[in-house]
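Let's take a walk through this fold, starting with the overall layout and then zooming in on a few residues. Keep the viewer open as you read.

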Amino acid sequence: GVCGECNEDADCAESTGGGCTPPNPVDATPPTCNLGEVGAGCQTSAVCQEGLVCADALALRGLVEITTCGECVNDADCNEGLICAPIVNLAKLSGVNTCTTPSTLAQDSYCELDGSGDAACITGVCSAADIMGIAQMGVCGECHDDADCGAGTCNAAVFDVDTTTLIGSTCQ
């Protein structure tokens, strides 16, 4: 545990009207109350500023969950031609869902394995990086498997736990 201003959104209701941004164990940042701005931690949309919704920007099956105020929960929340994509900074354990043009996330960027992950990546591939056999994380890469590499081999995506670095799949 880390001492801080809040444990839940309700702890911030009177002081800021926003939600509770959880602690970051990577850099020992304590939990803080926020104003419900873009990227601010939340438990419900009620604490987000007008026009924003509370949604998972990153969810790794019980390991890490980053829930923040952002523009969208899914593609249906975006204007026609745009998709809902998470922009995640793993080192800061922060992120936000934003409506963006397809094919804009760069190689080695976090992407959603489900939904529009492939469409979000500039390469058209959101590949799975294994995390110690416990979970998988999406990362923009060049291939899903060897078939995507012609006569080459697909080197799997990697998540380096020590440096919180994502390395997308590559063809060799």
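A quick word on terms before any counting: helices here are DSSP runs of H or I with at least four residues, strands are E runs of at least two, and both are numbered from the N terminus. On that basis the protein has one helix and 13 strands. Bear in mind that you're looking at a predicted model. Reading from the N terminus, the elements go β-β-β-β-β-β-β-α-β-β-β-β-β-β. How compact is the protein for its length? Its radius of gyration is 17 Å, close to the 16 Å that the globule rule gives for 172 residues, so the protein is as compact as a globular protein of that length. The C-alpha trace spans about 60 × 40 × 20 Å along its principal axes.

A few whole-protein numbers fill in the picture. Of the 172 residues, 39% are buried. The exposed surface comes to about 9000 Å², with carbon and sulfur atoms supplying 51% of it. If you take the contacts with a separation of 6 or more, 41% of them are between residues 24 or more positions apart.

Now for a sheet. Find the open one with five strands, ordered β7-β9-β8-β11-β12 and mixed in its pairing. Which strands stand at its edges? Those are β7 (110-111) and β12 (165-167); each has a single partner strand, so one side of each is left without a neighbour in the sheet. As a reminder, strands of a sheet pair through backbone hydrogen bonds, either parallel or antiparallel.

You can step across this sheet pair by pair. Starting at the β7 edge, β7 runs antiparallel to β9 (residues 135-140), and two bridges join them. Here Tyr-110 sits opposite Val-139 in β9. Next, β9 and β8 are also paired in the antiparallel sense, over six bridges, with Ala-129 opposite Met-137 of β9. These two strands form a hairpin with three residues between the strands, and Met-132 in that hairpin takes a positive phi near 50 degrees. Move on to β8 and β11 and the direction is parallel, again with two bridges. Asp-130 is the residue to look for there, since it stands opposite Val-158 in β11.

Tyr-110 is a good way from the sheet into the interior. The largest nonpolar core has 14 residues, and Tyr-110 is listed among those with the most contacts inside it, along with Leu-58, Leu-90, Met-137, Phe-159 and Leu-166. The elements giving two or more residues to this core are β3, β8 (126-131), β9 and β11 (157-160). Apart from it lies another core, of eight residues, including Ala-85, Ala-120, Cys-121 and Cys-126. As for what surrounds Tyr-110 itself, leaving out residues up to four places away in sequence, it touches Ala-57, Leu-58, Ala-59, Pro-86, Val-88, Leu-105, Met-137, Gly-138 and Leu-166.

Follow that eight-residue core to Ala-120, which belongs to helix α1 (residues 117-120). Is Ala-120 buried or exposed? With 3% relative accessibility it falls under the 20% limit, so Ala-120 counts as buried. Ala-120 and Ala-85 are 35 residues apart along the chain, yet their C-alpha atoms are separated by 6.5 Å. Beyond four places in sequence, Ala-120 touches Ile-83, Ala-85, Ser-103, Thr-104 and Leu-105.

Ile-83 and Ala-85 turn up again if you go to Thr-100, whose contacts outside four places in sequence are Leu-82, Ile-83 and Ala-85. Thr-100 is in strand β6 (residues 94-100), and it is buried, with a relative accessible area of 16%.

Last stop: Asn-34, in the loop between β2 (32-33) and β3 (53-59). Although it is a loop residue, Asn-34 is buried, at 5% relative accessible area. What does its side chain pair with? One polar contact, of 2.8 Å, joins it to the side chain of Thr-21. A polar atom of the Asn-34 side chain also lies 2.8 Å from the backbone nitrogen of Gly-36. Setting aside neighbours within four places in sequence, Asn-34 is in contact with Thr-16, Gly-18, Gly-19, Cys-20, Thr-21, Ala-40 and Gly-41.

Definitions and conventions
Residues numbered from 1 in each chain as written. Predicted model: local features only at pLDDT ≥ 70, side-chain atom pairs only at ≥ 80, totals over all residues. Heavy atoms only, no water. Buried < 20%, exposed > 50% of the residue type's maximum accessible area, 1.4 Å probe, protein only. Polar contact = N/O pair within 3.5 Å; in protein donor to acceptor, adjacent residues only side chain to side chain. Contact = heavy atoms within 4.5 Å. Pairing = 2+ DSSP bridges. Core = buried A, V, L, I, M, F, W, Y, C linked by side-chain atoms within 4.5 Å. Rg over C-alpha atoms; globule rule 2.2 N^0.38 Å. Areas by Shrake-Rupley, 256 points an atom, 1.4 Å probe, with all protein chains shown as cover.
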